[in-house]
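Reader: I am new to reading structures. Please take me through the empty spaces in this one, and then the helix packing beside them.

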Amino acid sequence: MALIRLDQVSKSFASRHGSMSIMEGITFDVKNSDFLAIVGPSGCGKSTLLRLIQGLDHPTSGQIYFRDKPVGRVCHEMAMVFQNFALFPWLTVSQNVTFGLEALGWPPDRIRAQSERYISVTGLEGFEEAYPRELSGGMRQRVGLARALAVEPAVLLMDEPFSALDPLTAESLREEILQLWRDPQLPPEAVVLVTHNIEEAIQLADRIVVMARRPSHVLAVVDVDLPRPRDRKSAAFYDLTDRVYSLITESRAPRPLPASPSAVAPASSQPL
């Protein structure tokens, strides 16, 4: 049984020029113990797709299922890590981490124990009373990760979580997230990562959903059959990068314009 299943999901928005289609007929699934990456051209609706999966927005047509049940509202068994950290600047690290737990109505003793556990897991010990403005970008993203993991989600959704970080910090966090994901004592059961970085997707994911330009559709679901830890300098890594890159760039190629009727002479007037 798939943990998440998307069945012919389409999404449109109203605009002053009429309805604008963002995605059409998106179909794929997320399995237990899956690390799935979603890549595609800028503006193809990758972030919108994460919102649909969690139930923050709703498809125009098609259906999304979680544990074989339709997602009709915000699913509290999923948690999101955002690109821009999305922390409350007036709350301390500890208060940011406990925010979701308090919203779920957990008892104070359980909230405190859970907060301490995930502050420790994400390397934030000693920073409990710090405010976001006092932290580096990497530390702020750790707070966002701790807040997401603290609710012990079945699915961790990550929307370009490393794109605002410097390369060294991003690389360190990628490795830490892999370690957390592979720890059977920690949530989640699956991770869905949106990224524009193809190498990042290949480094982290078991499978990659490659999306076309808007209105987007699934071009391919690529298996990443490479041993861990993955060597970015290997021929296999390079070949897979080239394959995914080619899929995306071909989908971005300008579509040929239909020939103008006036530009084609009727058959009867063609010279002999």
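Author: Start with the wall of the largest pocket. By class, its lining has 14 nonpolar, three polar and one charged residues. Keep in mind that this is a predicted model.

How big is the largest pocket? Its volume is about 470 Å³. It is lined by 18 residues. Of these, Q54, M78, A79, M80 and G100 lie closest to the centre of the pocket. Now look at the elements around it. Two or more residues of the lining come from each of β6 (78–81), α2 and α4 (137–150).

Now stay with α2. This helix covers residues 93–103, and it packs against α3, residues 108–121. In general, two packed helices are described by the angle between their axes and the distance between the axes. For α2 and α3 the angle is about 125°. Their axes are 10 Å apart. What does that angle make them? Angles of 65 to 115 degrees count as roughly perpendicular, and those over 145 as roughly antiparallel. The angle here fits neither range, so α2 and α3 are oblique to each other. Their crossing is right-handed.

Which residues make the contact? From α2 come V93, S94, V97, T98, L101 and E102. From α3 come I111, Q114, S115 and I119. By class, the residues of this contact are five nonpolar, four polar and one charged.

Next, the closed spaces. In general, rolling a probe the size of a water molecule over the atoms shows where empty space is left. The structure holds two cavities of 30 Å³ or more.

Take the largest cavity. Its volume is about 40 Å³. Its lining is made by L145, L149, L156, I177, L180, W181, P187, P188 and V191. What classes do these residues fall into? Nine are nonpolar, with no polar and no charged residues. Two helices, α4 and α5 (167–182), each supply at least two residues of this lining. The most comes from α5, with three residues. You have met α4 already: it also lines the largest pocket.

Last comes the second largest cavity, at about 30 Å³. Around it sit L52, G55, D57, H58, P59, Q63, I64 and V71. This lining divides into four nonpolar, three polar and one charged.

Set the two cavity linings side by side. The largest cavity has no polar and no charged residues in its lining. The second largest has three polar and one charged.

How values were computed:
Residues numbered from 1 in each chain as written. Predicted model: local features only at pLDDT ≥ 70, side-chain atom pairs only at ≥ 80, totals over all residues. Heavy atoms only, no water. Axes fitted to C-alpha atoms, helices over the stretch in contact; angles between N-to-C directions. Helix = DSSP H or I, 4+ residues; strand = E, 2+ residues; numbered from the N terminus. Parallel < 35°, antiparallel > 145°, perpendicular 65-115°, else oblique. Left-handed = near helix turned anticlockwise from the far one by under 90°. Contact = heavy atoms within 4.5 Å. Nonpolar A, V, L, I, M, F, W, Y, C, P; charged D, E, K, R; others polar. 1 Å grid on protein atoms, 1.4 Å probe; cavity = no way out; pocket = protein on both sides within 12 Å on 5 of 7 lines; lining within 4 Å. Points joined across faces, edges and corners; volume = space filled by probe spheres on them.
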